[in-house]
Amino acid sequence: MYEKGLPKNALFQKIKTRLQQDSTYRSGRILGSMCTEPHSFAKQVYMQFLEKNLGDPYLFPATAELEREVIQMFGSLLSNPNAYGYIVSGGTEANILALWTARNLAKRKKHEVILSVSSHFSFDKAADLLGLKLIKIELNNRFQVDIKAVEETITSNTVAIVGNAGTTDLGVVDPIPELSKIALANDIYLHIDAAFGGFVLPFLKNLGLPAPAFDFRFPGVHSITIDPHKMGLAPIPAGGILFRDTSIVEPIGMKVSYLAGGEANLATLVGTRSGASSIAVWALLMHLGRAGYAAVVKRCMKLTWTLAEGVRQIDGVSLVTQPTINIVGIKSDGLDVQLIARELRKKGWAISLFPHHIRIVAMPHTKLSHVKAFLDDLREITKKLG
Ligand SMILES: Cc1ncc(COP(=O)(O)O)c(C=O)c1O
């Protein structure tokens, strides 16, 4: 820190220069992120309400009311308008909250969580923090959790099952109806991670596309993660956690008496938290409506199919599986996929690399010209390496 501060203009200039190395969504080179340029209206709204703190909800009761309305809107999208929940910092916090709730509902007497090997690493963090043990189940030939193995793994020590609705690596949806039946039959907490898929799957049906069902319509589902800062176009931070009803979350609620707005019962991981996030998400849901989000998803799905078709036509690479949502996995039988990824990165493509495939996410910031340019480079690279 300098002894005497610098003028604002000079600092803005400095910041712009310093940040030039950062990637931008606008460049179209980011093809491996689940986040995107936030919607301009959401940015406008967000910037106006930075002082709102939902860690002190009775100081900002009107903001808290907007958050409740957001949760109700998500609830209706996910077949349960009575859902209870919060806008949190992201999918990681949402998944931690779900497992924390499950552990405390079981009175800390059970410690094993069953989930697939393709579940997000936030569950590893949650398990470490909460003293839980993850039992990771292999996938079936459709890259979903193997249901039979889930059933066989349940013991009297099983505290929760996690199902994915849009895996991080391939966008696959686990057989949620079956997981729900298993959870109900064994009286086990079932959490669904729809951090990414939650803003895609409900709109596929609107578009007449096949959409695996995953939400609260299945009675075994206790909670769902759905993140506005991924396909919801909201500014970061905005994750979402929904519980079937208020009673589920009681075991992690804490009464806080010292707050300026008056005593509150809080069941989030963090204390002070952004009210602007909730207000921006509320504004965006009201502005875009279902039709607006369906249009965003339609555009992304069209790009996904163009990408998938393009990959099919390039010698040396192929699709890991037919995309369910706007995530495409590219593998190679003859070539080293790590090498292909390295060459793509040299050409400036910010793609995701998994052990056996490259992941492309066709996000709202992606344009057809970006997809075509990517396919041209992929073709050239596979030719060179082949
Ligand atoms: C399926 C899934 N769950 C959870 C998360 C974690 O979300 P966040 O990065 O917002 O904490 C991700 C992130 O990519 C994800 O893909």
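A residue counts as buried when its relative accessible area is under 20%, as exposed when that area is over 50%, and as partly exposed in between. The exercises below use this rule on a predicted model.

**Exercise 1.** Decide whether serine 79 and leucine 233 are buried, partly exposed or exposed, and state what their backbones share.

*Solution.* Begin with serine 79, which is found in the loop between H3 and strand E1 (84-88). Its relative accessible area is 34%, so serine 79 is partly exposed. Turn next to leucine 233, which lies in the loop between E6 and E7; with a relative accessible area of 7%, leucine 233 is buried. Finally, look at the backbone: serine 79 has a positive phi of about 65° although it is not a glycine, and leucine 233, also not a glycine, has a positive phi of about 65°.

**Exercise 2.** Classify the ring pair of phenylalanine 74 and phenylalanine 199, and say where in the chain its two members lie.

*Solution.* A pair of aromatic rings is described by the distance of the centres and the angle of the planes. The search of the whole structure finds five aromatic pairs. In the pair of phenylalanine 74 and phenylalanine 199, the centres are 5.5 Å apart and the planes stand at 90°, so this pair is edge-to-face, given that the class begins over 60 degrees. Phenylalanine 74 belongs to helix H3 (residues 61-77), whereas phenylalanine 199 is in the loop between strand E5 (189-193) and helix H8 (201-206), so that 125 residues separate them in the chain. Both of these phenylalanines are buried.

**Exercise 3.** Classify the ring pair of phenylalanine 203 and tyrosine 293, and determine whether its members are buried or exposed.

*Solution.* The centres of these two rings lie 5.8 Å apart with 25° between the planes, and the pair is stacked, as the limit for that class is under 30 degrees. Phenylalanine 203 is in helix H8 and tyrosine 293 in helix H10 (residues 275-312), 90 residues apart. Phenylalanine 203 has 2% relative accessibility and therefore counts as buried; tyrosine 293, at 3%, is buried too. Together with Phe74 and Phe199, Phe203 and Tyr293 form one aromatic cluster.

**Exercise 4.** Describe the surroundings of asparagine 104, a residue of helix H4 (residues 91-105).

*Solution.* The relative accessible area of asparagine 104 is 14%, so the residue is buried. Its side chain makes a polar contact of 3.0 Å with the side chain of arginine 103, and the side chain of asparagine 104 also reaches the backbone oxygen of proline 251 at 3.2 Å. Leaving aside residues up to four places away in sequence, asparagine 104 touches Pro251 and Ile252.

Notes: Residues are numbered from 1 along each chain as its sequence is written. This is a predicted model: local features need pLDDT of at least 70, side-chain atom pairs count only at pLDDT 80 or more; totals for chains, interfaces and linings use all residues. Side-chain values use heavy atoms; hydrogens and water are left out. Rings of Phe, Tyr and Trp (its six-membered ring) pair if their centres lie within 6.5 Å; planes under 30 degrees apart count as stacked, over 60 as edge-to-face and the rest as tilted. Helices (H or I, at least four residues) and strands (E, at least two) are DSSP runs, numbered from the N terminus. Buried means under 20% relative accessible area, exposed over 50%, partly exposed in between (1.4 Å probe, protein chains only). A polar contact is a pair of N or O atoms within 3.5 Å; within protein, one must be able to donate a hydrogen and the other to accept it, and residues adjacent in sequence count only if both atoms are side-chain atoms. Contact means heavy atoms within 4.5 Å.
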